[in-house]
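Here's a quick briefing to read with the structure open beside you. It goes topic by topic, so feel free to jump around.

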Amino acid sequence: MSIVVTGATGALGRLVVDALLTTVPAGEVVAVVRDKEKAAGLAARGVDLRIADYSAPETLAGAFRPGDRVLLISGSEVGRRVAQHAAVIDAAKAAGVAQLAYTGILGGPDADFVLADEHKATEQLILDSGLPYTFLRNGWYTENYTANLAPVLEHHAVVANAGEGRIASATRADYAAAAAAVLTGDGHLNTAYELSGDTAWSLAEYAAVISGLTGETITYNNVPAATHQEILVGAGLPEGFAAILVDVDEAIERGRLAGTSGDLARLIGRPTTPLAETVRAALPAA
């Protein structure tokens, strides 16, 4: 039996492997990756590599073994993910894995925004497969905001159409630690976890945190959805992806990413990473 992480060279996947290697011998960890060279660092640490591609079902036939505990990290190609995930689920079922954990989205079947659709469809495919499952319904990553600090600092503004909605975000490392916990622990089968940060914050509060850490005046500009769409497209985002982000902001305004169940902190055995700590780490060096 091995612990298998798909998408292991991605931003979340690498952190899951890091978390696993703190408690599990490297020889028991498997990384499913598309690019062997990109995964050379994992191989150097003793992690077994299996080369497969979500979009090439024939490559997935050898990705899993009977009794494996598998983490299916959702794909990044919005619009193609249901078929990709279905190929992984089929291969996992054919292999007879002991657990299939999946990184979905906060709210699960109750999430009512476009970005959630493929996650909901994937959860249903997993349920239909009959495999023992663990649903890791991840909330928003704090890094979704802190990765874009440069334009915020340049224009002294956080721009969105989320109103006064609140976001219970956590870091990728927090979510990775939770994934490692359910892959190495017992009692997590056929369970869904609503994972989010301990504290929900508004974008006005986010702007205030940046202001406090930089000494600059950063404001929150709440704009109409159509205006935000134009701004994002003008910044170089494809129209379709910009529309998804605008739709997420509308969901934030409805409170869909504000839930604080406490599941994440319980799984990782510590408080989730505070917003200010993540912002501080992301600020450019003085």
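Before we start, contact here means heavy atoms within 4.5 Å. With that in hand, take Phe64: leaving aside its neighbours within four places in sequence, Phe64 is in contact with ten residues' worth of names worth browsing, including Val4, Val32, Val70, Ala91 and Val97. Keep in mind that this is a predicted model.**The sheet**
- Seven strands make up an open sheet, running in the order 3-2-1-4-5-6-9, and the pairing is parallel.
- Strand 3 (48-51) and strand 9 (191-195) sit at the edges with a single partner strand each, so one side of each has no neighbour in the sheet.
- On average, neighbouring strands of this sheet are turned by 20° against each other, direction ignored.
- Strand 1 (residues 3-6) pairs with strand 2 (residues 29-33) in the parallel sense, over four bridges.
- If you want one bridge to look up, Ile3 has Val29 in strand 2 as its bridge partner.
- Helix 7 (residues 172-184) packs on the sheet and touches strand 1, strand 4 (69-72), strand 5 (99-105), strand 6 (133-138) and strand 9. The direction of helix 7 makes about 155° with that of strand 4.

**The nonpolar cores**
- In soluble globular proteins, nonpolar side chains tend to be buried together.
- In this model the largest nonpolar core has 57 residues, and Val16, Phe64 and Leu71 are those with the most contacts inside it.
- Helix 7 gives the most to this core, with seven residues.
- There's also a second, separate core of 29 residues, which includes Ile105, Trp140, Leu149 and Trp201.

**Aromatic pairs**
- The count of aromatic pairs comes to five.
- Tyr133 and Phe135 form a stacked pair, with 4.4 Å centre to centre and 25° between the planes.
- Both partners of that pair are buried: Tyr133 has 17% relative accessibility, and Phe135 has 2%.
- The rings of Tyr145 and Tyr206 have their centres 5.7 Å apart and their planes at 55°, so this pair is tilted.
- That tilted pair links distant parts of the chain, with Tyr145 in helix 5 (residues 143-146) and Tyr206 in helix 8 (residues 203-214), 61 residues apart.
- Tyr145 is buried, with a relative accessible area of 14%, and Tyr206 is buried too, at 1%.
- Ring pairs also bring in a tryptophan, linking Tyr145, Trp201 and Tyr206 into a cluster.

**Loop residues to look at**
- Thr273 is in the loop between helix 11 (263-268) and helix 12 (275-282).
- Is Thr273 buried or exposed? Thr273 counts as buried, because its relative accessibility is 17% and the cut-off for buried is under 20%.
- Not counting residues up to four places away in sequence, Thr273 touches Thr171, Asp174 and Thr278.
- His156 is not a glycine, yet has a positive phi of about 55°. His156 is found in the loop between helix 6 (149-155) and strand 7 (157-160), and is partly exposed, with a relative accessible area of 32%.
- Asn190 is another non-glycine with a positive phi, again about 55°. Asn190 lies in the loop between helix 7 and strand 9, and is partly exposed at 47% relative accessible area.

Notes
Residues numbered from 1 in each chain as written. Predicted model: local features only at pLDDT ≥ 70, side-chain atom pairs only at ≥ 80, totals over all residues. Heavy atoms only, no water. Pairing = 2+ DSSP bridges. Helix = DSSP H or I, 4+ residues; strand = E, 2+ residues; numbered from the N terminus. Axes fitted to C-alpha atoms, helices over the stretch in contact; angles between N-to-C directions. Buried < 20%, exposed > 50% of the residue type's maximum accessible area, 1.4 Å probe, protein only. Core = buried A, V, L, I, M, F, W, Y, C linked by side-chain atoms within 4.5 Å. Phe/Tyr/Trp six-rings, centres within 6.5 Å; stacked < 30°, edge-to-face > 60°.
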